[in-house]
Amino acid sequence: MNDLLDADIETAAAALRDGAVSARALTEAALTRVGKIDGRLRAFLHVERDVALERADLLDRARKAGAPLGPLHGVPLARKDLFDRAGEIATCGAARWAKRRARETATCLARLDAAGAIDLGALNMSEYAFHPHGLNSVTEPARNPWDLARTAGGSSGGSAAALAARLIFGSMGSDSGGSIRFPAALCGVVGLLPTRGRVSRQGMMRSSPSLDAAGPLARTVRDCAALFTVVAGSDPVDPTTVKRTFAMRDASWRRSLRNRRIVIPKDKLLETLSPAVRSAFDAAVRIFSGEGVNIAAIDLPDWDALNAITAIVFASEVAATHQRSLAADPDAYSPEVRERMAAGLLYPASDYLDALRLRARLTCAFVETVFAGAEVLLLPSAADVAPRLDEVLPGAARARYDAGAYTLATAADPGRFTRAFNYLGLPALALPAGFSPDGLPVGIQIAGPPFAEATLFEFGHAFQRVTDHHLRAPALATNDATIIWRLYAPKTPLGGI
């Protein structure tokens, strides 16, 4: 059973449909692994064991009765703890909401339910989704399964950690400036920021209303696409959604990259990368080139200016979202989060309105400049590997905070390579691209024009066909790496660093 936990969604779903394994047995196996590992990992805030097993039994009865089965029938997933599930606690990582129970179920979770998925519970996240390295006032932050002394990232750190540790097959996360893609990079998994409006945010706690996005995380590109296929589409309850569904054609997974086009930024933007990330990024460029892709280096539209404008929108909207509760009960927020939120109140309203007014024009200019001669843009997901928790959390982190290490839109900003896409409303896919000499994951990011998710999945899957980064599991997750290799063994030669 443990080898099936290490498999991808397609393998697990096929075994469940064929009756080779029951939903109850697979769910029990996942919960057992959670019980063994999560005391150290802290990926979960709430494990809903009884509810999950009851759901598994229901799905098993449906299969035996010959009922139609959804594409995710019996597959154990989990959710970031800012998505509402009726009757369950949803804290948004904050002590203030430690006993808050949701009245309704978020649309994206309801769609996963309809596809047959099993929700194991709520995953750890940054307090109010507002700390880059996972600070959480309810419990300890999620830890990186590759090194428990390091952060899993924020704000969807629990989602990325649970996936890397093989506790679940997929998760829903949120991303306002990199909160899916940054932890995906640090933990070695896949995460998607969809085109603005492609996934409903109904039932998702808001942070920055014009930047927030819901998106899937998984261990492989194909798994991420499977989840996205289920959750994408318009929602009458969320007027910000667009009337556009999603489906990948089977032929797309086999499509060659020969003579297709990628652009990368010229070296100046990459100067802040650590040696490990720069090495992995350069290796990814060589791998795509070896697959026949035409690659050109270009000057991006002023990247730092885009990040600065995004920071104005993000800080202003988050401060406005929390302004009343900050004033009424400031102690309900940790000092680091409270001070970062309050800083957003210092931006003049005219700066915020200018940022919104420029948005459409800057998006059109970016798309026309970057994608006129290419299908996708290749960037790092993060400038470095996961930092140690004692460097970025309260205590030792105070000096770093006072020195501006968490200031938005600087070279030290953890979201430097992710933030602008939220402002532009463009899709971006983060995926594993290698490991540092210390064995820590490194990630790359593939971005495209609006509604280019299928293209991103094609490029990402082609990369994973010839690399093995996504196949590796931390020692915490398994003592038998050969199991993973047997299930996932690529049919094409491996590449990488």
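A residue is described as buried when its relative accessible area is under 20%, as exposed when that area is over 50%, and as partly exposed in between. In the predicted model examined here, Asp57 has a relative accessibility of 25% and therefore counts as partly exposed.

Asp57 takes part in a salt bridge with Arg24, whose side chain meets that of Asp57 at 2.8 Å, N to O. This pair links distant parts of the chain, since Arg24 belongs to helix H3 and Asp57 to helix H4 (residues 49–64), with their positions 33 residues apart in sequence. Arg24 also meets Glu28 in a salt bridge, at 2.9 Å from N to O. In contrast to the pair with Asp57, Arg24 and Glu28 both lie in helix H3 (residues 23–41), four residues apart, which is about one turn of the helix. Arg24 is partly exposed because its relative accessibility is 29%, and Glu28 is likewise partly exposed, with a relative accessible area of 30%.

Across the whole structure, 25 salt bridges were found. One of them joins Asp413 and Arg419, the closest N and O atoms of which are 2.8 Å apart. Asp413 has a relative accessible area of 5% and is therefore buried; Arg419, at 7%, also counts as buried. Elsewhere, salt bridges that share partners connect Glu48, Arg79, Arg85, Asp113 and Asp119 into one network.

A buried polar residue was examined next. Ser176 occupies the loop between strand E6 (170–175) and helix H7 (181–187), and its relative accessibility of 9% is the reason that Ser176 counts as buried. The side chain of Ser176 makes a polar contact of 2.5 Å with the side chain of Asp212. Apart from neighbours within four places in sequence, Ser176 is in contact with Asp212 and with Ser207, Leu211, Phe314 and Asn422.

The strands provide a further view of the fold. Strand E9 (residues 261–265) pairs with strand E10 (residues 294–298) in the parallel sense, over five bridges. From E9 the chain passes through helix H9 (residues 275–290) to E10, and this β-α-β crossover is right-handed. Within the pairing, Pro265 stands opposite Ile298 of E10.

Pro265 is also among the contacts of Leu378, a residue placed in strand E11 (residues 376–380). When neighbours within four places in sequence are set aside, the contacts of Leu378 further include Ile262, Val263, Ile264, Phe281, Val285, Phe288 and Ile444. Leu378 has a relative accessible area of 1% and is therefore buried. The C-alpha atoms of Leu378 and Gly290 are 15 Å apart in space, although 88 residues separate the two in sequence.

Note on methods. Residues numbered from 1 in each chain as written. Predicted model: local features only at pLDDT ≥ 70, side-chain atom pairs only at ≥ 80, totals over all residues. Heavy atoms only, no water. Helix = DSSP H or I, 4+ residues; strand = E, 2+ residues; numbered from the N terminus. Buried < 20%, exposed > 50% of the residue type's maximum accessible area, 1.4 Å probe, protein only. Polar contact = N/O pair within 3.5 Å; in protein donor to acceptor, adjacent residues only side chain to side chain. Contact = heavy atoms within 4.5 Å. Pairing = 2+ DSSP bridges. Right-handed = clockwise from strand over helix to strand, strands pointing away. Salt bridge = Lys/Arg side-chain N within 4 Å of Asp/Glu carboxyl O.
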